[in-house]
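New to this one? Take a look at the sequence and the model below, then read on for a short tour.

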Amino acid sequence: MPILEVESLSVSFKQYKAGFKQVQNQVISNLSITLNAGEILAVVGASGSGKSLLAHAILGILPSNARTSGIIKYAGEILTHARQEALRGKEIALVPQSVNFLDPLMRVGKQVRTSVKSGDAAALQRRVFERYHLRKEVDNMYPFQLSGGMARRALLSTAMVSGAKVIIADEPTPGLDPVVIKEALNNFREFADNGCAVMLITHDIESALKIADKIAVFYAGTTVEIARVENFSGHGEALRHPYTKALWRALPQNDFIPIPGSQPHPSELPTGCLFAPRCSLATSECQVVQPDIRELRDGMVRCIHAN
Ligand SMILES: Nc1ncnc2c1ncn2[C@@H]1O[C@H](COP(=O)(O)OP(=O)(O)O)[C@@H](O)[C@H]1O
Ligand code: SF4
Ligand SMILES: [Mg+2]
């Protein structure tokens, strides 16, 4: 049984357009993913593709004006709002994208110690700080005294000592030096190898490929492909979706050719396939309805022509 399941999640926000016309902006549409114990699932997608909102939906911390539909299950049971509150920071820990999640009024050493459920909190906190190269003096600092990179390491530490079974890490590495990035990625791998699970949200496909088992590719608020990391090789022949192939080929070590065009804004989503305006393989059938995600060659794809 998967440890975490997201089934047909949609999230929208009410927005007012010129003339006070009210519209519902669909920011996540029909998104499904599963996460198994022992696994790292990387969620890769451009800025604004809905990655943070997915994390916040799982944790139950979406803004109050968000409208959601779909089902999220943890260990086979539906995550109700009450259950999300009970499990947050305990069974499911978030490494938030924004360092503003630190409590500005509490010393960071103490913040990390309070997230320890069992064991010697002081020893665990010091050990994780050492691992992330945070000196002893940092224990007694307040968040405003930290650099961005130090704050991010404190947030990582909080999740790592929490004893959670699932860590959702939302872009945990920007601003960190390569030594610490390597440490954090290794730490996630160990965490998963010990039977827990990690959802690593990132726009850095190269880091993701180093440690993840599977990659979920996001585009304009939905998953277009779920592939095992081994599929990212050669010219992307084993990949399924035109967007994933294009992302892979756009990497500097491959063809380094950027993808023309840009991701549509939630207020201007096309009716058919969301990628159609940029897809060189698009046909008139692609413009009719958004394709369903389907299984293909031990992965998933949302494209009518993928084979
Ligand atoms: N509170 C909000 N109200 C309206 N739109 C929002 C809100 N939060 C995020 N969005 C929109 O949802 C989309 C996805 O946002 P987000 O999940 O933060 O993207 P990512 O983390 O992939 O960069 C963006 O277009 C963003 O503008
Ligand atoms: S459904 Fe059509 S437009 Fe969409 S990715 Fe597939 S081929 Fe391209
Ligand atoms: Mg984000």
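## Before we start

A quick word on names: helices (H or I, at least four residues) and strands (E, at least two) are DSSP runs, numbered from the N terminus. With that in hand, S8 can be placed in strand β1, which covers residues 4-17. Keep in mind that this is a predicted model.

## What the record says

UniProt, in an unreviewed entry, puts the feature "domain: ABC transporter" at residues 4-245. In the model, the C-alpha atoms at the two ends of residues 4-245 are 27 Å apart. Helix makes up 31% of that span and strand 30%.

## Two ligands, two shells

Start with ligand 1. Around ligand 1 you'll find F13, V27, G45, S47, G48, S49, G50, K51, S52, L53, P63 and P266. The biggest giver to this shell is helix α1 (residues 51-59), with 3 residues. Sorted by class, the shell around ligand 1 holds 5 nonpolar, 6 polar and 1 charged residues.

Now for ligand 2. Its surroundings are P242, C273, F275, A276, C279, L281, A282, C286, P291, C303, I304 and H305. Here the classes come out as 11 nonpolar and 1 polar, with no charged residues.

## Helix α6, inside and out

Helix α6 runs over residues 178-193, so to speak a 16-residue stretch. From its first C-alpha to its last, α6 reaches 22 Å, close to the 22 Å expected at 1.5 Å a residue. Its buried residues are V180, A184, L185, N187, F188, F191 and A192. Looking down the axis of α6, these buried residues fall within an arc of 155 degrees, so they line one face of the helix.

What do the buried residues of α6 pack against? Their partners are β3 (40-44), α5 (148-160), β7 (166-170), β8 (197-202) and α7 (205-211). On the face turned away from the buried side sit the exposed residues P178, V179, E190 and D193. Just after α6 comes G195, with a positive phi of about 95 degrees.

## S233 and T244

S233 belongs to the loop between β10 (222-228) and α8 (242-249). Is S233 buried or exposed? S233 is exposed, because 12 other C-beta atoms lie within 10 Å and a residue with 12 or fewer counts as exposed. The C-alpha atoms of S233 and W248 are 8.4 Å apart, while along the chain the two residues are separated by 15 residues.

T244 is in helix α8. T244 counts as buried because it has 26 C-beta neighbours inside 10 Å, and the cut-off for buried is 20 or more. Leaving aside neighbours within four places in sequence, T244 is in contact with V217, V224, E225, A227 and L239. Between T244 and Y219, 25 residues apart along the chain, the C-alpha distance is 9.6 Å.

## Two odd backbone angles

Most residues other than glycine have a negative phi. Back in strand β1, S8 has a positive phi of about 50 degrees although it is not a glycine. S8 is also exposed, with 12 other C-beta atoms within 10 Å.

H133 is another non-glycine with a positive phi, this time about 55 degrees. You'll find H133 in the loop between α4 (121-131) and α5. H133 counts as partly exposed because it has 15 C-beta neighbours inside 10 Å, which falls between the cut-offs of 12 or fewer for exposed and 20 or more for buried.

Definitions and conventions: Residues are numbered from 1 along each chain as its sequence is written. Chains are lettered from A and ligands numbered from 1 in the order in which they are written. This is a predicted model: local features need pLDDT of at least 70, side-chain atom pairs count only at pLDDT 80 or more; totals for chains, interfaces and linings use all residues. A residue is near a molecule or strand if its C-beta atom, placed from the backbone, lies within 6 Å of it. Ala, Val, Leu, Ile, Met, Phe, Trp, Tyr, Cys and Pro count as nonpolar, Asp, Glu, Lys and Arg as charged, and the others, Gly among them, as polar. UniProt positions are given in the numbering used here, feature names are shortened, and annotations may be inferred rather than shown by experiment. The expected span of a helix is 1.5 Å times one less than its number of residues. The arc is that of the directions from the helix axis to the C-beta atoms. Two residues are in contact if their C-beta atoms, placed from the backbone, lie within 7 Å.
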